[in-house]
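Colleague: I should like to learn how to read individual features of a protein model. May we work through some examples together?

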Amino acid sequence: MSLNITFRKIKSSDAIKEYIHQKYEKLEKYRDKATEAHVILSTEKYMHHAEIVFSAKQFQVAAKSSTNDMYTSIDDAFDKLTKNIKKHHAKKNKAKVHPGKEVLA
């Protein structure tokens, strides 16, 4: 499992790196199947962009956010990523019911 952080048009900061690692630790239950996570941080005029790509064996989930504050962008992107991962797991774990077949107890 690897976590890659890329800074574009912005200086690398240990505080931001530590913040991303703390947010990433909250995804602990999904990391066993994951192979890579890539965080891309960039600035454009007054907007701060955060993009996260979470790759696992059988699926890939991405989330983007743009706000006036880098930390807020990171929070929003991780929230969207968590929501998308949960949605994927719900679809995958949903019981398939075949019409016309009865379930015997």
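Colleague: In which strand is the place of Thr43?

Modeller: Please keep in mind that this is a predicted model. Thr43 belongs to strand E2.

Colleague: Is Thr43 buried or exposed?

Modeller: The relative accessible area of Thr43 is 16%, and buried means under 20%, so Thr43 is buried. A polar atom of the Thr43 side chain lies 2.8 Å from the backbone oxygen of Lys9. Leaving aside neighbours within four places in sequence, Thr43 is in contact with residues including Arg8, Lys9, His48 and Met70.

Colleague: How should one read a nonpolar core, and which residues have the most contacts inside the largest one?

Modeller: In soluble globular proteins, nonpolar side chains tend to be buried together. Here the largest nonpolar core has 22 residues, and Ile16, Ile20, Leu41, Phe54, Ile74, Phe78 and Leu81 have the most contacts inside it. At least two residues of this core come from each of H1, E2, E3, E4 and H2. With 6 residues, H2 gives the most to the core.

Colleague: How is an aromatic pair described, and how many does a search of the whole structure find?

Modeller: A pair of aromatic rings is described by the distance of the centres and the angle of the planes. The search finds 1 aromatic pair. Tyr19 and Tyr71 form this edge-to-face pair, with 5.0 Å centre to centre and 85° between the planes. Tyr19 lies in helix H1 and Tyr71 in helix H2, so the pair ties together parts that are 52 residues apart in sequence.

How values were computed
Residues are numbered from 1 along each chain as its sequence is written. This is a predicted model: local features need pLDDT of at least 70, side-chain atom pairs count only at pLDDT 80 or more; totals for chains, interfaces and linings use all residues. Side-chain values use heavy atoms; hydrogens and water are left out. Rings of Phe, Tyr and Trp (its six-membered ring) pair if their centres lie within 6.5 Å; planes under 30 degrees apart count as stacked, over 60 as edge-to-face and the rest as tilted. Helices (H or I, at least four residues) and strands (E, at least two) are DSSP runs, numbered from the N terminus. A nonpolar core is a set of buried Ala, Val, Leu, Ile, Met, Phe, Trp, Tyr and Cys residues joined through side-chain atoms within 4.5 Å. Buried means under 20% relative accessible area, exposed over 50%, partly exposed in between (1.4 Å probe, protein chains only). A polar contact is a pair of N or O atoms within 3.5 Å; within protein, one must be able to donate a hydrogen and the other to accept it, and residues adjacent in sequence count only if both atoms are side-chain atoms. Contact means heavy atoms within 4.5 Å.
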